[in-house]
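Thanks for coming. I will take the sheet first, then a helix pair, then the contact between the chains.

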Amino acid sequence: MSKPSFPLKKIIGLVLGLGALILMPFLSLEGLSPSGHVALGIFVMAAVFWILEPIPIYATSMGVILAQVLLLSDQSLVGGWLDRAHEGGYTAPPYTLFYGTLSNPIIILFLGGFSLAAAAEKYALDQNLTRILLKPFGTRPVMVSLGVMMVTGVLSAFMSNTATTAMMMTVAIPIVAMVPKEDPFRRLVALSIPVGANIGGIATPIGTPPNAVALAALARQGTVVPFSTWMLMATPLVVVTMLLTWWGMCRMFKPQIERFELTINTTFDRSPKAIGCYVIFGLTVLLWVTEKLHGVPSGVVAFLPVVFLPAMGILDKKEIRGFSWEVLWLVAGGISMGLSLSQTGLASWMIGQVNWDGFGTLGLVVLFSLVGFTVANLVSHTVSATILVPVAIALVLPLADGDPTALIIPIAVIGIIVSYANILPISTPPNAIALSTGLIDTKDLAKSGILVGILGFIFSIFFGLIVWPHIL
Amino acid sequence: MSQKIYILCVEDEADVLDVVVRELSVLEDVFPIETAGSADEAREALARIEAEGDALGVVFCDHMMPGENGVELLVWMREHPDWNVSRKVLLTGQAGLDATVKAVNEAGLSHYIAKPWDQDELVKVAREQLSRYVAARKLNPLPYLKYLVMDIVGDTLRANSASDT
């Protein structure tokens, strides 16, 4: 019943994107192979569609895979401009390569995360963990807000940031709403939740999709970052930026009340299925964080909850249908685009258009991070990472000269900084949820968002320069 | 643009209608209010809402009115596919036992407020009923969340907030 709307932005997006897809193959850009022209058309279409959103972002990702299969694979349609890719010595990969991105180990890792999150939600494990983890923070209002931020962060490292925010809002808002309207404590807590969720997602590979984009790009270069290594890199960064953000926010929104108790009325479900859920959750996380000890890759471990949760009846068909499948498509489309970017020589051609001499790795990282941070405030974090990371990796690759550390650090920094882009209500779904509670306004979000952004930017680069070389 | 969810107030005494609308106006930035002085006017208001493609979340209805009475209007709404799920509140001092029984059994009455009422009670009932409406229709509660009761829409909110992008 909602009114049909097709605003100018969408029309411009459609025309520009489809125009690029159709016209690019007819151009002859110097130094770019024919297949590179086709890939450029797909890349520009994808970027325009992802940013202006004439169609949903996940549909764009699906479209990328379709375009690659039709135009750049061994199954491409023969004849006319569609066939241009095959001039000039391009060996078309099997079409299954592009479809196969949907079963990339990173995608399976996320599927494992989705299974665990669905089970945790079904048996209220998330709410019970919240209750237990919040207890040590006591009843001083500033400590309660720290607790809320930290607990949200811990949960969103394993569940989606959005789902964690929704859960925390449902338990916290009814109680916080009882605090007098003029007390800034209301805003402090309502902001602590999206801040904790947005930052917390950085902590593990499965915390939020931009991490997957960075890790998948690295894996394609043969540099696989174990789950525990990513956590070892990211968790201290998360803790430092979260603590400083909390400290700053407590100054901006100084609580007036003396005491606040966040009571959550849940009890642990002790049914056999619930206990099965706890055991599988704990075991999977344990195997992930000990990857270096046993050597079983996280993408393999992730398939255990995918199989055992439904096998034991802990998840049923309904919950499996409820997974965020569109996120898997979104990431897979990005991985697939990255394949053609390197295979057709498009990425190297693109970076060849700019003289990067004298930039150095640090200069490149700062530049890409600035662009990524700006874009990610306006469009989806995953999309920002998907557009930037493949180009960045092509630039950094020659500079790294075969040293995995020199490759991992810049790509991780760029992948992580997009998650710190949270200034606007549209920057992330958790922000949109927080704003809709009516406890905060756009200005409050911008205040905390700018603080998070500055701290995240500085500390990501600081960790990349000073701390991570000692961990890797 | 998400669908607008209206509050409809039906009351024949203009003074009383003014009070109801003024007290509910604290919700008006999210839930627009329509008014009607009789059952016929209420149908006209509903037709306007329908023509815009919008919805009715809750109706606050007096019982004793000239012409068709409140309970008859609510029964009619119950049978109308567009207003079937809308929450129905009787706001009255004069509904007898028979009318009240009819309202519960045939109109699917959601709540009964006896006159005189106070503003806190009225607003509380409005927020609860609007929350139940959003939850029953499984609407994404985000655009309306400011005035919804989290205990009622929490599950709907979580179901609508799954994925990061």
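Before the strands, one term: two strands count as paired here if DSSP finds at least two bridges between them. Keep in mind also that this is a predicted model.

With that, start at strand E1 of chain B, residues 5–10. E1(B) pairs with strand E2 of chain B, residues 33–36, in the parallel sense, and there are four bridges. To find the register, look at B:Leu8, which stands opposite B:Glu34 in E2(B). Between these two strands the chain passes through helix H1 of chain B, residues 14–24, and the β-α-β crossover is right-handed.

Now the whole sheet. What is the strand order? In chain B, five strands form an open sheet, ordered E2-E1-E3-E4-E5, with parallel pairing. E2 and E5 of chain B are the edge strands, each pairing on one side only. From one strand to the next, the twist averages 20 degrees.

At the E5 edge, strand E4 of chain B, residues 87–92, pairs with E5(B), residues 111–114, again parallel and over four bridges. Two positions fix the register: B:Leu90 is opposite B:Tyr112, and B:Thr92 has B:Ala114 as its bridge partner. E4(B), helix H4 of chain B (residues 97–107) and E5(B) make up a right-handed β-α-β unit.

A helix also packs on this sheet. Helix H3 of chain B, residues 70–79, lies across E1, E3 and E4 of chain B, and runs at about 160 degrees to E3(B), residues 55–61.

One backbone detail on this chain. The peptide bond between B:Lys115 and B:Pro116 is cis, with omega about -5 degrees. B:Pro116 is in the loop between E5 and helix H5 (119–136) of chain B.

Over to chain A. How do H1(A) and H2(A) cross? The axes of helix H1 of chain A (residues 8–23) and helix H2 of chain A (residues 34–52) come within 7 Å, crossing at roughly 170 degrees. Angles over 145 degrees count as roughly antiparallel, so H1(A) is roughly antiparallel to H2(A). On the H1(A) side the contact includes A:Ile12, A:Leu16 and A:Ala20, and on the H2(A) side A:Val44, A:Val48 and A:Phe49 are among the residues met. By class, the residues of this contact are twelve nonpolar, three polar and one charged.

Chain A has a backbone detail of its own. A:Ala124 is not a glycine, yet has a positive phi of about 55 degrees. A:Ala124 sits in the loop between helix H5 (105–122) and helix H6 (125–134) of chain A.

Last, the interface. How many residues of each chain take part? In chain B 18 residues are in contact with 34 residues of chain A. The two chains bury about 2100 Å² between them, and 56% of that is on carbon and sulfur atoms. Within chain B, the residues losing the most area to chain A are B:Arg158, B:Asp164 and B:Thr165, together 38% of what that side buries.

That is what I had to show.

Technical notes. Residues are numbered from 1 along each chain as its sequence is written. Chains are lettered from A and ligands numbered from 1 in the order in which they are written. This is a predicted model: local features need pLDDT of at least 70, side-chain atom pairs count only at pLDDT 80 or more; totals for chains, interfaces and linings use all residues. Side-chain values use heavy atoms; hydrogens and water are left out. A crossover is right-handed if, with the strands pointing away from the viewer, the path from the first strand over the helix to the second runs clockwise. Axes are lines fitted to C-alpha atoms, for helices over the stretch in contact, and angles run from 0 to 180 degrees between N-to-C directions. Angles under 35 degrees count as roughly parallel, over 145 as roughly antiparallel, 65 to 115 as roughly perpendicular and the rest as oblique. Contact means heavy atoms within 4.5 Å. Ala, Val, Leu, Ile, Met, Phe, Trp, Tyr, Cys and Pro count as nonpolar, Asp, Glu, Lys and Arg as charged, and the others, Gly among them, as polar. Buried area is the accessible area (1.4 Å probe) that two parts lose on being put together, summed over both.
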